[in-house]
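This report starts with a single helix and then widens to the sheet, the chain and the contacts between chains.

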Amino acid sequence: MVKKILEASHAVAEAVKLCRPQVLGMYPITPSTHIPERLSEFVNNGEMDAKLIRVEAEFSAISSIVGASAAGSRVFTATSSQGLALMNEVLYAASGMRLPIVMVVANRALSAPINIWNDWQDAISERENGWIQFFVESSQEAVDTIIQAYKIAEDERVYNPVIVNIDGFYLTHVYEPVDIPDQEQVDNFLPPLNYKYKLDPTNPKTHGPFAYPVPYAKLKKRNFEDFHSFTPIIKEVHDDFAKEFGRSYGDGVIEEYKNDRPYVILTMGSLSGTVKEFVDSRDDVGLVRLRQYRPFPFEEVRNALEGKEMVLVVEKDVAFGSRSGAVFLDLRNALFDMKDKPRINNGIGGVGGTDITREDLGKAIDELKNKDGEIYWFEMRG
Amino acid sequence: MKEIRWHGRGGQGAVTAAEVLAIAAFKDGKFSQAFPHFGVERRGAPVMAFTRIDDKFIRLREHVYNPDYVVVLDPTLISAVDVTQGLKQDGMIIINTTKSADEIKQEIGKDYTVRVVDATNIALEIIGKPFVNMPMLGAFAKATGVVSINSVQEAIREKFRENKSVAEKNVEATLKTYESLK
Amino acid sequence: MSGETEDMPLGGIIIKPGSTTENKTGGWRTFKPIVEPAKCVKCGICEKFCPEGIIDIDPEKGAVMNYDYCKGCGICAHECPTKAITMILEKK
């Protein structure tokens with residue numbers, strides 16, 4: 001293990017390299033750009049034995065790796081914002097075909113107006129597309145989660161695409177210390193992909209066939225039911241990783257920090273670091289961080305919030321037409337039939353790259369302590 | 001935790017300076033974090049970058065609002081932006097200028113500790129081009145003691161490992177600013 | 001996929017090749033191509049034009065139709081240079 005200080009995007013590229021993907025279909029877009037840039041260098045230098053497909057847009061980036069994945073290759077792509085939106089149609093194909101694809105999304109606001117800065121609207125808008133989604137707090141967690149993501153996606157009990165979300169700029173452009181694991185250690189943890197259903201002329205199969213209404217409905221029902229069976233497998237992979245590499249993130253699904261207090265902030269991603277510092281400055285607030293956003297960890301969240309006075313969901317997105325942010329919708333759903341459930345409020349902030357500070361978190365908690373069902377907009381600073 | 005804000009103009013390398021300082025602090029056995037002010041950078045426009053240095057892993061990810069130190073790469077920035085914004089009461093300004101510390105204090109109109117060095121001339125003399133971002137790291141090391149000059153030089157060698165002669169010139173210039181700081 | 005099976009395969013992936021042949025499309029036909037062997041010169045033009053690929057040229061018999069999958073489009077009859085193929089109304 002080598003402890004280095006490097007940009008998170010470059011740490012991501014190092015992690016991807018360690019996973020030995022065979023096909024990269026990538027189109028650079030801010031703030032994800034440094035990831036394909038560094039991977040291109042690796043391929044060019046001969047440090048990585050991968051086919052890099054230079055595509056003309058994100059639609060082709062994801063299409064190319066859907067094909068390569070169906071043919072049995074380990075694949076990778078990275079994108080942000082409009083790039084993810086442009087992939088939309090193919091993202092449903094990838095999950096419908098249950099392909100073991102791993103993609104990093106460097107989260108960024110969606111147009112219009114054009115904005116290159118961080119929020120979660122891109123990933124949140126893909127919440128119904130059937131991909132597993134993680135949100136990570138640090139450069140280190142990004143590295144570790146990418147390695148785990150391949151293991152999860154390629155598990156025969158799963159065979160499902162995975163998105164690893166890393167906050168644009170707040171993580172992608174930050175230099176910080178990170179342990180880059182040894183190649184040998186990663187090779188042991190992540191053996192070469194042996195995809196059971198790969199397209200093979202000697203043993204022909206059909207991927208993505210036409211389906212009449214009844215088989216289509218049956219397939220969707222199967223995917224829907226399978227999707228929530230992934231959580232225990234995700235925990236298992238996380239625990240195996242922890243044993244091998246000595247690093248863990250809560251139970252792999254949620255992370256609790258000083259969660260023995262009456263008030264809780266529930267959030268995701270890099271903001272959790274700032275929340276932890278805020279929590280340390282108080283004696284009444286704890287943190288529950290969602291590491292796994294899709295499938296939403298209903299049981300884990302319910303258990304973590306039992307007996308709380310008030311939960312403040314802090315999120316960098318809105319769910320248009322639902323009168324709240326998207327994470328809040330899931331939380332309300334999770335707590336619906338819980339006895340003596342806590343009061344819940346929704347703090348929306350960090351939209352379009354606005355900054356959420358410890359001071360802002362304090363103001364929000366103090367104002368919402370005794371409230372219920374409020375939608376609160378954070379002060380917009382940036 | 002020490003927080004440092006770098007002021008420069010687009011193309012002057014404020015972001016690289018913030019990163020190399022983070023690398024140097026890491027070499028000293030500390031934890032560090034560096035990030036640019038997330039903007040749409042244009043050549044010549046005022047830009048900012050930040051470094052945080054601490055004894056433990058830095059979880060905080062909000063912007064730097066109250067820096068301990070401000071490093072100014074371009075003296076003309078004083079009239080363009082408020083380089084003292086949010087600077088702590090006992091904070092320090094380290095600036096590349098031909099003027100004296102007292103003259104800069106008067107220009108700023110606030111009672112902060114000011115340290116000055118003519119990094120442009122040193123860079124022209126040693127590097128042959130007015131690249132002041134690495135040399136200013138030498139001035140920072142001397143003025144603050146937050147990072148060792150050895151680690152700064154090692155960090156420069158690491159950052160510019162693909163061009164050894166550029167690295168060595170910068171290392172030399174760093175030592176000169178370290179010694180010339182007033 | 002036509003949905004006869006109860007358990008849906010993962011991702012709708014069809015692992016048994018050639019399963020589409022189970023769906024006999026010959027029943028869609030209104031007109032049926034009949035080959036007159038005496039006129040057939042085994043040139044293979046019908047075989048190449050057939051959009052369903054159901055014609056084989058037998059060295060002895062000439063054009064042979066697989067009526068399980070012939071949809072009766074009549075392209076073979078139209079293209080045949082010796083008018084060896086006639087479309088007749090299917091008796092159902």
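In this predicted model, helix α3 (residues 58-70) of chain A has 13 residues, which at 1.5 Å a residue should span 18 Å, and its end C-alpha atoms are indeed 18 Å apart, so the expected and computed spans agree. Much of the interest of α3(A) lies in its surroundings. The buried residues of α3(A) are A:Glu58, A:Ala61, A:Ile62, A:Ser64, A:Ile65, A:Val66, A:Ala68, A:Ser69 and A:Ala70, and the elements that cover them include the strands β2 (23-26), β3 (51-54) and β4 (75-79) together with helix α4 (81-96) of chain A. Just after α3(A), the backbone at A:Gly72 adopts a positive phi of about 100 degrees.

**The sheet**

Chain A contains an open sheet of seven strands, with mixed pairing, in the order β3-β2-β4-β5-β7-β6-β12. Its edge strands are β3 and β12 (292-294) of chain A, each of which pairs on one side only, and the twist from one strand to the next averages 20 degrees. Helix α3(A) packs on this sheet, where it touches β2, β3 and β4 of chain A, and its direction makes about 165 degrees with that of β4(A).

Which residues cover the two faces of β5(A)? On one side lie A:Val102, A:Val104 and A:Ala106, and on the other A:Met103, A:Val105 and A:Asn107, all of them buried. Because six of the six residues of strand β5 (residues 102-107) of chain A are buried, this strand is largely enclosed by the rest of the structure.

Two of the strand pairings can be described in detail. Strands β4(A) and β5(A) run parallel and share four bridges, and A:Ala78 has A:Val104 of β5(A) as its bridge partner. Strand β6 (residues 132-135) of chain A, by contrast, pairs with β12(A) in the antiparallel sense over two bridges, and here A:Phe134 is bridged to A:Gln292 of β12(A).

**The chain as a whole**

Chain A has 13 helices and 15 strands, and its C-alpha atoms fill a box of roughly 65 × 50 × 45 Å along the principal axes. For 382 residues a compact globule would have a radius of gyration near 21 Å, and because chain A has 20 Å, the value agrees with that expectation. Of the 382 residues in chain A, 54% are buried, and among contacts with a separation of 6 or more, 77% join residues 24 or more positions apart.

**Contacts with chains B and C**

The contact between chains A and B takes 21 residues from chain A and 18 residues from chain B. On the side of chain A that touches chain B, the elements giving two or more residues are β8 (175-180) and α10 (271-280) of chain A, and α10(A) supplies the largest share, five residues. The contact between chains A and C takes 18 residues from chain A and eleven residues from chain C, and on the side of chain A that touches chain C, helix α8 (residues 213-227) of chain A gives the most, with five residues. The classes of residue on these two sides of chain A are set out below.

| Side of chain A | Nonpolar | Polar | Charged |
|---|---|---|---|
| touching chain B | ten residues | six residues | five residues |
| touching chain C | eleven residues | three residues | four residues |

Terms used: Residues are numbered from 1 along each chain as its sequence is written. Chains are lettered from A and ligands numbered from 1 in the order in which they are written. This is a predicted model: local features need pLDDT of at least 70, side-chain atom pairs count only at pLDDT 80 or more; totals for chains, interfaces and linings use all residues. Two residues are in contact if their C-beta atoms, placed from the backbone, lie within 7 Å. Ala, Val, Leu, Ile, Met, Phe, Trp, Tyr, Cys and Pro count as nonpolar, Asp, Glu, Lys and Arg as charged, and the others, Gly among them, as polar. The expected span of a helix is 1.5 Å times one less than its number of residues. A residue is buried if 20 or more other C-beta atoms lie within 10 Å of its own, exposed if 12 or fewer, and partly exposed in between; C-beta atoms are placed from the backbone. The radius of gyration is taken over C-alpha atoms; the globule rule is 2.2 Å times the number of residues to the power 0.38. Two strands pair if DSSP finds at least two bridges between them. Axes are lines fitted to C-alpha atoms, for helices over the stretch in contact, and angles run from 0 to 180 degrees between N-to-C directions.
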